[in-house]
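Me: I'm new to this structure and would like to start small. Pick one part, take a close look at it, and walk me through what surrounds it.

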Amino acid sequence: MKLKLDIDPDIVAMMAAEVAAGERAVTAAMREAGTGLKTAWRLQITGAGLGTRLANSIRSQNFPRSGDSLEAAALVWSKAPVIVGAHDTGPLIRSKNGFWLAIPLPAAGKSLRGGRITPGEWERRRGLRLRFVYRRTGPSLLVAEGRLNTKGQAVESRSKTGRGKVTAPIFLLVPQVKLPKRLDLARDADRALDSVPGLIVANWVETKV
C-alpha cells in the first residue's frame, strides 16, 4: 500500500499567517507590558515624593529592537539602581568607618554638589569649626558658634559685641539609620507579568480581524 500526502498550499499559507500573527501579538503584548510597568514605577516614585528626576531614571527597552518574534521580551530598569533599590527595600544604613552618620539639620544648608552636605564641606565653606556635643538621652550633635542668616543657616558672626551669636546645631550624629520602605516595585512587576497572557490574546484577535 502506498500513501501519498499532498499539502495544500492554502494550508501552508494559513499556517505562516498564523505564526506571523502570533509574532505580532507577542511582540505587541510585551511592548505594552513593558511600557505599562515603566509608567507604574514612575508613578510610584513621584507618588512617594521622590521627585520626577528619580522617576525619569526608569527606562524600558523592547527585544527584538525591530521586527516581531514569538520570543519577544521587555526590560525595565533604573539608571539609579542604588537609590531606587534603597527606597524599595528600606535598608539599615551604617557608617562605612564604624563611627557616626552625620545628618544635616536646616542650619547646615545644602551641598554645592547637590544632595546632603558633609561636615567637612560645611567647615570649608563656612570657615567655622564644628564642635562635638554628646547627649545621653538623644542623638549627639555637631554644633557651631555663629549667627543665623535670613535663610536660617549658620554663618560666621562678625559682631564684635557678640550680638546675635548663637550655638547652632548643624548635624545630628547617629550610629545607624533605618531608611523607610517607600516603594513596592515587585507589586507592579507581578501585575505586569500577570497581564501578559491577556495582552497576547487581545493583540492576536486584533491581528485576525
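**A close look at one helix**

Reply: The buried residues of helix 4 pack against three strands: strand 6 (140–148), strand 7 (154–155) and strand 8 (166–174). Packing here comes down to contact, meaning heavy atoms within 4.5 Å. Helices and strands are runs assigned by DSSP and numbered from the N terminus, with at least four residues (H or I) for a helix and at least two (E) for a strand.

Before going on, a word on the model. It's a predicted one, so to speak of local features takes a pLDDT of at least 70 and side-chain atom pairs count only at pLDDT 80 or more, while totals for chains, interfaces and linings use all residues. Residues are numbered from 1 along each chain as its sequence is written, and side-chain values use heavy atoms, with hydrogens and water left out.

Back to helix 4, which covers residues 119–126; its buried residues are E121, W122 and R126. Buried means under 20% relative accessible area, against over 50% for exposed and in between for partly exposed (1.4 Å probe, protein chains only). Those three sit on the same side of helix 4, because they cover an arc of only 115° around its axis. That arc is taken from the directions that run from the helix axis to the C-beta atoms. As a rule, an α-helix has 3.6 residues a turn, so residues three or four places apart point the same way.

Just after helix 4 comes G127, with a positive phi of about 70°. Then there's strand 5 (residues 131–133), which pairs with strand 6 in the antiparallel sense over three bridges. Two strands count as paired if DSSP finds at least two bridges between them. One of the links joins R131 to its bridge partner in strand 6, V143. Strands 5 and 6 make a hairpin, with six residues between them.

Strand 6 has other partners too. With strand 7 it pairs in the antiparallel sense over two bridges, and L148 stands opposite A154 of strand 7. This is a hairpin as well, with five residues between strand 6 and strand 7. In its turn, G152 has a positive phi of about 80°.

Strand 6 also pairs with strand 8, in the antiparallel sense and over seven bridges. Here the bridge partner of L141 is L172 in strand 8.

So, to picture it: helix 4 turns E121, W122 and R126 to the same side, and its buried residues pack against strands 6, 7 and 8.
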